[in-house]
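This report covers selected strand pairings and one charged residue in the structure shown below.

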Amino acid sequence: MAPQTLTATSSGYNTPDSELESIVPVHPTAVRRPNYITVQSENTTYTDAHITAKYLYRGADVVVSDGQFTVTPTVKPYEFQTTRNVGKTGLMMIGMGGNNGSTLCATILANKHQISWHTKEGTQQPNYIGSVLRASTVRVGSEPGTGKEVHVPICDVLPMVHPNDLVLGGWDISGMPMDKAMERARVLDYDLQRQVKPYMALLGSPLPSIYYPDFIAANQEARADNVISGTDKQTHLEHIRADIRRFKAQNDLDRAVVFWTANTERYSDIIPGVNDTADNLLAAIRSSHSEISPSTLFAVAAILEGEPFVNGAPQNTFVPGVIELAEREKSFIGGDDLKSGQTKLKSVLAEFLVNAGIKPLSIASYNHLGNNDGHNLSAEPQFKSKEISKSSVVDDMVDANRLLYKPPVPGAKGKAAKGEHPDHIVVIKYVPAVGDSKRAIDEYYSEIFCGGRQTINIFNECEDSLLATPLILDLTILTELLTRVKYRDLSSGQADFAPLYPVLSLLSYMCKAPLVKPGTDVVNSLGRQRNALEGFLKACIGLEGNSDLLLETRIW
């Protein structure tokens, strides 16, 4: 996709002002605040090129012997270096013409050109509400005189790309032009669509994508009119790599984040000798093995081009060979599956119940929706991917409280090997009439004091794509930032700064099934994920993590 410029149009879709720009002030979530925070500390230094901060990572080693716990506090010194210059960044979406992709493009353009629109409630202003980076804050300290806490937008803690500056592009198996794709999605208000349509038309049609019918529902075949020809997977890989290079060159980009927001695929079988190592995976691509999925091919293409890849769907894109390849190439990957509504709430409520000493016995989750995501998920193999992603969300909370739940039985098989766990069922149904407006119903059935029972029922109605789109922005912006952060371990005498580990587990807050470093535990608790993200960003400017101890309010 070549860079585009706006030209005058008489399509009938533009407002009287040909630039389509509003006089309404910029929404606070879209305001630019360069160099908003400066930390004055011997641990933090600023140059034109970098922010460098020393940080003490405090933990504890625990030894258990004969039922006794011996805890030894630990302290490890690190130094973080963040490049201050935010390079020109592109976002290449697989599934660009889908509900999420078209909604993201239209809303970025609405913010960029300050397009306000009319609804039955009145005039609506463009904004980035729903983005944790743009629309939420972090506590950085207190005012010396009053003791009042001071909060700043998360996006201002470190230099981050502004959503309005993202260069948009990508692929889709449907060749429908982006203005028409926005209309097909039926997500945005008509008056916004009317005004943003000329800008969307300038994006043209998505690039041809990879289509292997075995991996997505058969009902998607009717949309597949924009596919890369042939069946040779090595040729497809080289085609995608060339697309990435061309997009970067045409738009003079420093970085391109590749993002899967296309249909959910079925799970790929993990086969020894095929996708279990990096070399086996590359050989399997050369031989066009049937278990190499489109999303895995896109991930490999991004890794080999040195660009980050984020998986916003639940399938197992990151087979072991992909992770090993990312490690070898020192290229960043993250995912899986956008956590926007029902699962995000579950990761909060389940933690609340368990931390309150209440024992959830069962969690039953039902939802229905009518967009193309729901259509694809109506096929059993694709639904199983989503079911797996949604079902693991309470595991770490249960594991953290063996007062309520029996621990795993050593050497056992089946349920006993996992330990006691709430019954957990997930149901998704396709109901075309409701479109993008998803309905989610959850029942939490719990044991309380002395054999009592408690039932909590929740009904949640939301526009699915308007919850998911800000997460795509957050994941893209945070991923780009993390490519500019390096560290060194001062305790080991490490001389040079090194990049972070390729699996970006700091993206967990936005993901249903967080991808983590192999051999480490997955954290699903939304509170812990948020604390980790805040703590890391603050560490990069030499600040301690949040202290809710508020000791000054507890003592004389």
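## Strands 14, 16 and 17

In this predicted model, strand 14 (residues 359–369) and strand 16 (residues 437–447) run antiparallel and are joined by 9 bridges. Within this pairing, Ile 363 stands opposite Tyr 444 of strand 16.

Strand 16 is also joined to strand 17 (residues 453–463), again in the antiparallel sense, by 11 bridges. Here Ser 446 faces Gln 454 of strand 17. Strands 16 and 17 form a hairpin with 5 residues between them. Cys 450, in the turn of that hairpin, has a positive phi of about 55°.

## The five-stranded sheet

An open sheet of 5 strands has the order 1-2-3-18-19, and its pairing is antiparallel. Strand 1 (44–46) and strand 19 (498–499) stand at the edges with a single partner strand each, so one side of each has no neighbour in the sheet.

Inside this order, strand 3 (residues 68–83) pairs with strand 18 (residues 485–489) over 5 bridges in the antiparallel sense. Gln 81 has Lys 486 in strand 18 as its bridge partner.

## Glu 351

Glu 351 belongs to helix 9 (residues 342–355). Glu 351 is buried but has no salt bridge. Arg 528 is the nearest side chain of opposite charge, 6.2 Å away, whereas a salt bridge requires a side-chain nitrogen of Lys or Arg within 4 Å of a carboxyl oxygen.

Leaving aside residues up to four places away in sequence, Glu 351 touches Lys 346, Met 397, Ser 525, Leu 526, Gly 527 and Arg 528.

Terms used
Residues are numbered from 1 along each chain as its sequence is written. This is a predicted model: local features need pLDDT of at least 70, side-chain atom pairs count only at pLDDT 80 or more; totals for chains, interfaces and linings use all residues. Side-chain values use heavy atoms; hydrogens and water are left out. Helices (H or I, at least four residues) and strands (E, at least two) are DSSP runs, numbered from the N terminus. Buried means under 20% relative accessible area, exposed over 50%, partly exposed in between (1.4 Å probe, protein chains only). Lys and Arg count as positive and Asp and Glu as negative; His and the chain ends are not counted. Contact means heavy atoms within 4.5 Å. Two strands pair if DSSP finds at least two bridges between them.
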